[in-house]
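Work through the exercises below with the sequence and the model open. Try each task before reading its solution.

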Amino acid sequence: MASVLASLFPKLGPLGTSDHASVVSINLFVALLCACIIIGHLLEENRWVNESITALIIGLCTGVVILLVSGGKSSHLLVFSEDLFFIYVLPPIIFNAGFQVKKKQFFVNFITIMMFGAIGTLVSCAIISLGAIQTFKKLDIEFLDIGDYLAIGAIFAATDSVCTLQVLHQDETPLLYSLVFGEGVVNDATSVVLFNAIQNFDLTSMNPSIALSFLGNFFYLFLASTLLGAGTGLLSAYIIKKLYFGRHSTDREVALMMLMAYLSYLLAELFYLSGILTVFFCGIVMSHYTWHNVTESSRVTTRHTFATLSFLAETFLFLYVGMDALDIEKWKFVGDRPGLSISASSILMGLILLGRAAFVFPLSFLSNLMKKSSEQKITFRQQVIIWWAGLMRGAVSMALAYNKFTRGGHTQLQDNAIMITSTITIVLFSTMVFGLMTKPLISLLLPPQRQLSTVSSGANTPKSLTAPLLGSREDSEVDLNVPDLPHPPSLRMLLTAPSHKVHRYWRKFDDAFMRPMFGGRGFAPPAPGSPTEQGP
């Protein structure tokens, strides 16, 4: 992280122009990261505050100090750049999400997660866009065209469920954690893909052919990004399995895993695909195959390295969002029309609430219709938590808004400044207010005794629901075929429990063809010091 800051701060414009000023900026930012970690640890048991809110508050306080010291000229140590966000900071967060995910839980609930993350994001985008079209004109905001309104829908459809995930416990509420976590990743990917698709089309004159091309481009980006991520992960597994670097140097195999993971993201950006989706599925494939092909020491190293980089990147983002919220340049442009920015923010916040409710409860109802077991159904209280988890907006919304309404992190137009300040207001309000209320809300809806009873329900609880989402290396090997019970005919099974049936067929294919070629648990190379020789 320090090396990234060192290379980027001079280019992004620190407070001074000399090398010494750059060093001062880097020192301050690293010191602030340390302060976030220490204070976050001290507030670990606090009922209201979590690490993301801590970093945001520290960023705000730092922005105030810098604003005073600079005489009201600046409030941050660097100018925001979507390149910094998308190329350097976001990849480790998304990759670690895929690498650490409990694959069984993710794919058992895959249909529901995709419904929330993909279909739900499209519904939310449509409601926000339509609502903005109808209401912004009454506020005399007439500088936006149809493409801008759709882009606003995509910007504010991107959720940030970090605050909720920091409160939920995957061991106590595995189903709920799986849905919130999975939807968050798919939502980010869908929002970025949708935003890029909107940017690539001239939507000023809509007709059926343009609409079909738009949808075709959207699904192409989604599918191609997923396949690229899986292909890069399989390539890394094959290379490490065949060459087995661990016989000579564990450093090489760790370095190769990290570089191949980052390469998947860069390839997606190179081919104008979704880097988020690509690196997420690359992480899933790497944890299923590549990770089992390296030595035991490399397994420990990679797991902790990826988690640490992700943690630092998340802290960095919230810290910077707090500082950038006080950027005097943007607020000056709306100084003579502050009410307009507040009105736009209030309307967009209301549309976010409405758009979220418009798909969470109906799609939860549809999901429950496909599940027979009561333990697998989403209760109303869990639906409320899922709805709440998606109300917060974060760095993805900020980055997309900057991409749309600024040039190089700066804006010289009042109309664009209104949209940027509205985005900042929504991110701050939703993270601070909704984030602070998350712990009490979850404690109210899911009291401790209720959580414990869910976990300790004994033999009546399916094994697929009690396993934690994140955990030890056995995560990819937990079977769904709990006891060998009599199965109904295949067609009936596929209709009543599609995820379980598809998973069973996949495991057969995986054991017969994929693992012998790409490695994995039980198929690692029998080299001296290899995982196979050392045992599971």
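**Exercise 1: a residue in a helix**

E269 is part of helix α11, residues 250-270. This is a predicted model, in which local features need pLDDT of at least 70, side-chain atom pairs count only at pLDDT 80 or more, and totals for chains, interfaces and linings use all residues. Residues are numbered from 1 along each chain as its sequence is written, and side-chain values use heavy atoms, with hydrogens and water left out.

Task: Classify E269 by accessibility and list its contacts beyond four places in sequence.

Solution:
1. Helices here are DSSP runs (H or I, at least four residues), and strands are E runs of at least two, numbered from the N terminus.
2. The relative accessibility of E269 is 33%, so E269 counts as partly exposed (buried is under 20% relative accessible area, exposed over 50%, partly exposed in between, with a 1.4 Å probe and protein chains only).
3. With neighbours within four places in sequence left aside, E269 touches I87 and G275 (contact means heavy atoms within 4.5 Å).
4. F86 is 183 residues from E269 along the chain, yet their C-alpha atoms are 9.5 Å apart.

**Exercise 2: two helices that pack**

Task: Describe how α2 and α3 pack, and which residues make the contact.

Solution:
1. Helix α2 spans residues 19-42 and helix α3 residues 51-69; their axes lie 9 Å apart at an angle of about 135° (axes are lines fitted to C-alpha atoms, for helices over the stretch in contact, and angles run from 0 to 180 degrees between N-to-C directions).
2. That angle makes α2 oblique to α3 (under 35 degrees is roughly parallel, over 145 roughly antiparallel, 65 to 115 roughly perpendicular, the rest oblique).
3. From α2, the contact uses L32, A35, C36, I39 and G40; from α3, E51, T54, A55, I58 and T62.
4. By class, this contact of α2 with α3 holds six nonpolar, three polar and one charged residues (Ala, Val, Leu, Ile, Met, Phe, Trp, Tyr, Cys and Pro are nonpolar, Asp, Glu, Lys and Arg charged, and the others, Gly among them, polar).

**Exercise 3: a covered helix**

Task: Find the buried residues of α16 and the helices they pack against.

Solution:
1. Helix α16 covers residues 380-389, and eight of its ten residues are buried.
2. These are Q382, Q383, V384, I385, I386, W387, W388 and A389.
3. They pack against α6 (110-136), α8 (162-167), α9 (174-199), α15 (338-369) and α18 (414-445).
4. As for α15 and α18, their axes come within 9 Å and cross at roughly 55°, which makes α15 oblique to α18.
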